[in-house]
Amino acid sequence: MNKHKKIIILVCVLLITLSIVACGQAREDEIVNVEEFAIGQQENNVQTVESTDSEIKEDKTVNQQGSNVQAVESLETKGDETIDVEESNTQESENIDSEITADELFDLFINGSISAISSTDLTSTFYITDLNMDSEEWDSFSVGEREDIDNDGENELILRGPYGGMYLDARDGKVYEFAVGEGDGLVLSYVVYNGSTWVMYSNRKHTGYEAYHMEKFEGADNLVAEMNFNEELLDENNVEGEEKYTLNGTEISYDEYYELCSKIFATEVNTN
Ligand SMILES: [Ca+2]
Ligand SMILES: [Ca+2]
């Protein structure tokens, strides 16, 4: 019996030992599993972080690329703008060189900065300071109005003065004298006749004799029409005697002459 008891006890001890060992193994397994889970979790976290990072990076890259594209576009736009500005600057300076306005040229002449070219001698010039300006003397000049006298759509400058003063034209960056009153026999004025403006030179120097010469321009350097009319005594010595009336070399009646004169002198502007 004792032997049997010992065997049973041994078996029991063995079983207990086995179970204890098994328990310990199971715990170790659990610990290992827990550790593995933890590691897995960490890896997951790392992956998540990595993927988040890479997404952000990609986003950033995309955004940066987008903003780079925008920057390039805006640079290109600026480049175009710069070119446009340069072009318009070039155009402006060209315009200033070649298309300074008539009014600006007259202003420059009036303030003494530029001279005017003489109508009788294109190599001769004069400054406004060469003229007797704004004195009380009968033959002094003064700056008058600006009117389109040569029918080119731009104004000419009138310098009022002796015998009707002078009319100045501005073209090609220069100022030209184009009409000037030169004496009792050539008093300058202008009239409107048949829808155009004409320069007129009047001669009323002698009793019983009146002569008028008219010039029509289309641009002050382009004389397109002339007209002459006059009245004169048949007998110079008889101032009460009959008169002869002429238009462009052809004798006309008093009525025709009177009608012509009525039309023309109604519009005459004296520029003395
Ligand atoms: Ca004009
Ligand atoms: Ca003109």
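Two strands count as paired here when DSSP finds at least two bridges between them. By that yardstick, β9 and β10 (residues 223–233) are a clear pair in this predicted model, running antiparallel with nine bridges between them. One of the matched positions is E215, whose bridge partner in β10 is E226. Five residues sit between the two strands of this hairpin, where G219 adopts a positive phi near 95 degrees.

On its other side, β9 meets β8, again in the antiparallel sense, this time over six bridges. Here V199 stands opposite E215 in β9, and Y201 has H213 as its bridge partner. The β8–β9 hairpin also has five residues between its strands, and G208 takes a positive phi near 80 degrees. These strands belong to an open sheet of seven, ordered β12-β11-β10-β9-β8-β7-β13 and paired antiparallel. Its edges are β12 (250–252) and β13 (269–270), each of which pairs on one side only.

As for the chain as a whole, it holds three helices and 13 strands. Besides the seven-stranded sheet there is an open one of six strands, with the order β2-β1-β6-β5-β4-β3 and mixed pairing. The edge positions go to β2 (125–126) and β3 (142–147), each pairing on one side only. Helix α2 packs on this sheet and touches β1 (116–117), β3, β4, β5 and β6, with its direction at about 125 degrees to that of β5. Within the sheet, β5 and β6 run antiparallel and are joined by six bridges; L168, for instance, stands opposite E177 in β6.

What about the inside? The largest nonpolar core has 29 residues, and the members touching the most others are F106, Y167, L168, V175, A179, L188 and V199. At least two residues each come from α2 (102–110), β4 (156–160), β5 (166–171), β6 (174–180), β7 (187–193), β8 (196–203) and β9 (209–217). The largest share, five residues, is supplied by β6. In soluble globular proteins, nonpolar side chains tend to be buried together. V199 gives a good close-up: residues up to four places away in sequence aside, V199 touches I149, Y167, A179, L188, Y190, M214 and E215.

A102, in helix α2, is a different sort of case. Is A102 buried, partly exposed or exposed? A residue needs 20 or more C-beta neighbours within 10 Å to be buried, so A102, with 19 inside that distance, counts as partly exposed. Setting aside neighbours within four places in sequence, A102 still contacts E154, N155 and A170. The C-alpha atoms of A102 and E154 are 7.3 Å apart, although 52 residues separate the two along the chain.

Across the 272 residues of the chain, 15% are buried. Of the contacts with a separation of 6 or more, 35% link residues 24 or more positions apart.

Finally, a word on confidence. The chain has a mean pLDDT of 78, with 64% of its residues reaching 70 or more. Residues 26–83 fall below 50, and beyond near neighbours in sequence that stretch makes zero contacts in the model. The stretch 89–96 likewise has pLDDT below 50 and zero contacts beyond near neighbours in sequence.

Notes: Residues are numbered from 1 along each chain as its sequence is written. Chains are lettered from A and ligands numbered from 1 in the order in which they are written. A nonpolar core is a set of buried Ala, Val, Leu, Ile, Met, Phe, Trp, Tyr and Cys residues joined through C-beta atoms within 7 Å. A residue is buried if 20 or more other C-beta atoms lie within 10 Å of its own, exposed if 12 or fewer, and partly exposed in between; C-beta atoms are placed from the backbone. Helices (H or I, at least four residues) and strands (E, at least two) are DSSP runs, numbered from the N terminus. Two residues are in contact if their C-beta atoms, placed from the backbone, lie within 7 Å. Axes are lines fitted to C-alpha atoms, for helices over the stretch in contact, and angles run from 0 to 180 degrees between N-to-C directions. pLDDT is the predictor's confidence in each residue, from 0 to 100.
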